[in-house]
Amino acid sequence: MTQFIQNPILPGFNPDPSVIRVGEDFYIATSTFEWFPGIRIHHSRDLVNWRLVGHVLTRRDQIDMRGFNNSDGVWAPALSHADGKFWITFSCTHNSRGGAWMSTPCYVVTAEDIAGPWSDPTPIGGSGFDPALFHDDDGRKWVVNMTWDGRAGYNNFGSITVQEFDTEKGRLAGERIGIFSGTELGCTEGPQILKKDGFYYLVTAEGGTEWNHAVTVCRSRSLTGPYELHPQKYVLSSRFQEENPLQRAGHGFFVDTPSGEWYLTHLCGRPVYDPEAYSYGPRYATGFSILGRETGIQKILWRDGWPWLANGGNAPEFRVAAPDLAPHPWPEQSAGDDFTGDTLSPQWQTLREPAEETWCTLNAKPGSLRMKGRHYLSSRFDQSLLARRIEHHKMRAEILMDFHPESPMHMAGLVVYYDNSNYYFLKISRDDNGDKTVQVCASVAGEYREPGGSGQAGDTARIESDAPLYLRVTLDTQWYQFSYSADGRHWANIGPRLNSTPLSDEYGNLIFKFTGSMVGIFACDVSEGGIHADFAHFKYQPLGNESKTAQPNQDLAQADAVQ
Ligand code: 6LW
């Protein structure tokens, strides 16, 4: 029976989805921005089932992002395979917000094995933030990149260029040649080149990563052009498709299967609508991607030397026919962490620097992670915070925490974190009367809040016992709800429901927000006294049925489609 792939294939991951195939193995590299380790690699044998196989930038000497701003850091990894090894190009964006020019030094790293170890980064210029490596049949290698032009009156997205990469010398060579200046949709970026049947196909992202996003294709017999546009221009886009659950579709690349079928993986977002606002604007433009940008896949057919969506149009499908490959499910990867292993679960990410024994150790108390309290959640430095992507619109995360705060400056607990201005957290602390307390706090667009309850302290509960306490957060698409329990069975809600949409790419008036929301554990000691918290039994549980392979008869209403 034909299997279907239900999009997105990688919920809640920040793709700049360059998918490749090596033999019977498919790999996708996704962006990680200010989160460490950098660049996640997922692996599939059937384009349906994916598993996390590891990360690329795992060492501080590969990338140091201390102090980086929200959503800066590692952008647009482009994965390729040639000469018996894997190559990844990426940019390290330092200043995406404000200022005319962007400093986005680009690098290439290589590895014999997809699981690493990966090399130290080799610089490949900084003309733009979307470098990719094209390996031509004649053995020459070319860096294809977008151009950021900061001059007043100039198109910021200047042009797509190619420049040769001298692998012997490990550096760029020759001149940088402009090959495509984009269409009227603008924001021409994310270039990658596919060579097929004597044509060079230049695939770019246009329209920007929001509601006008698109995949543009053009081709030439020569690498340096001239390039002719696809008859459809935009092979994929969700523009003006108000009811399509996959919005923001753009920035993609093509991959073939061993039996010659073709697919296009792409970036998309599933908008959640603000439950506290009534919008009279176009529906598709009033949604909020609380899971950030995700990875989708579409089936492609080739006709007249051009790639076309199998559906004949350019609208992304919520589910597409799976390839004619043997299903290859993977052993379940734990979504949580019981902290009984020698290392942390690979799902965990930290902010701007790696987790280190000095503040995060499994060796202090068996079955627990001991975290030393450091900076407060809005700091861009020394965050004692472990978090993982929220991948589902309906999910529950919980932790058992043993913490003995001595003052209001000591706090630890469970956090839903978008960036250092937008987060909700359930903290245990100690008030001025010496009572141990549990309380919901929030930061929305940098404004601190203590939601619910009356008076100064918002909704605060006093905790009589000094025993470990269970903390929980539940996401039901548009709402977060915190709760706590002494025994892990009987739960008490605390604080009001919290609107999920402020923690999203679209909330507020800033652009270049990409990361989606994370859920995790944190410890702060703003008195710098070094107090610690012990965490155990972190659980992450999907509550909807956002399955990856919807059977043909599955009614989409059954899927956890975003309302
Ligand atoms: C990526 C660029 C983009 O470099 O987002 O919206 C950046 N466009 O193509 C980060 O993923």
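**Close-up 1. Asn499 sits in strand 38 of this predicted model.** The strand in question covers residues 492-499. With a relative accessible area of 7%, Asn499 is buried, because anything under 20% gets that label here. Leaving aside residues up to four places away in sequence, Asn499 touches Asp274, Pro275, Glu276, Tyr424, Gln478 and Trp479. Take Asp274 from that list: the pair Asn499 and Asp274 is 225 residues apart along the sequence, yet the two C-alpha atoms are 7.5 Å apart in space.

**Close-up 2. Ala355 belongs to a loop between two strands.** On one side of this loop is strand 26 (350-351), and on the other is strand 27 (360-361). Is Ala355 buried or exposed? Something in between: Ala355 is partly exposed, with a relative accessible area of 34%. Its contacts, again setting aside residues up to four places away in sequence, are Leu344, Thr350 and Cys360. If you go looking for Met401, you'll find its C-alpha 19 Å from that of Ala355, with the two positions 46 residues apart in sequence numbering.

**Close-up 3. Two domains meet in this view.** Domain 1 runs over residues 15-241, and domain 2 over residues 350-542. Their C-alpha centres lie 35 Å apart. How many residues does each domain bring to the contact? Domain 1 puts in 19 residues and domain 2 puts in 23.

**Close-up 4. Stepping back, the fold has 40 strands and zero helices.** The radius of gyration is 24 Å, close to the 24 Å that the globule rule gives for 563 residues, so the protein is as compact as a globular protein of that length. Along the principal axes, the C-alpha atoms fill a box of roughly 75 × 55 × 50 Å. Of the contacts between residues at least 6 apart in sequence, 60% link residues at least 24 apart.

**Close-up 5. Here's the inside and the outside of the protein, along with its charges.** Buried residues account for 59% of the 563 in the protein, and Asn499 is one of the buried ones. The accessible surface adds up to about 21,200 Å², and carbon and sulfur atoms own 48% of it. As for charged side chains, there are 49 positive and 68 negative ones. Where do the centres of those two sets lie relative to each other? They are 1 Å apart.

Terms used: Residues are numbered from 1 along each chain as its sequence is written. This is a predicted model: local features need pLDDT of at least 70, side-chain atom pairs count only at pLDDT 80 or more; totals for chains, interfaces and linings use all residues. Side-chain values use heavy atoms; hydrogens and water are left out. Helices (H or I, at least four residues) and strands (E, at least two) are DSSP runs, numbered from the N terminus. The radius of gyration is taken over C-alpha atoms; the globule rule is 2.2 Å times the number of residues to the power 0.38. Buried means under 20% relative accessible area, exposed over 50%, partly exposed in between (1.4 Å probe, protein chains only). Contact means heavy atoms within 4.5 Å. Accessible areas come from the Shrake-Rupley method with a 1.4 Å probe; for residues, only the protein chains shown count as cover. Lys and Arg count as positive and Asp and Glu as negative; His and the chain ends are not counted. The place of a charge is taken as NZ of Lys, CZ of Arg, CG of Asp or CD of Glu. Domain bounds come from an automatic or database domain assignment.
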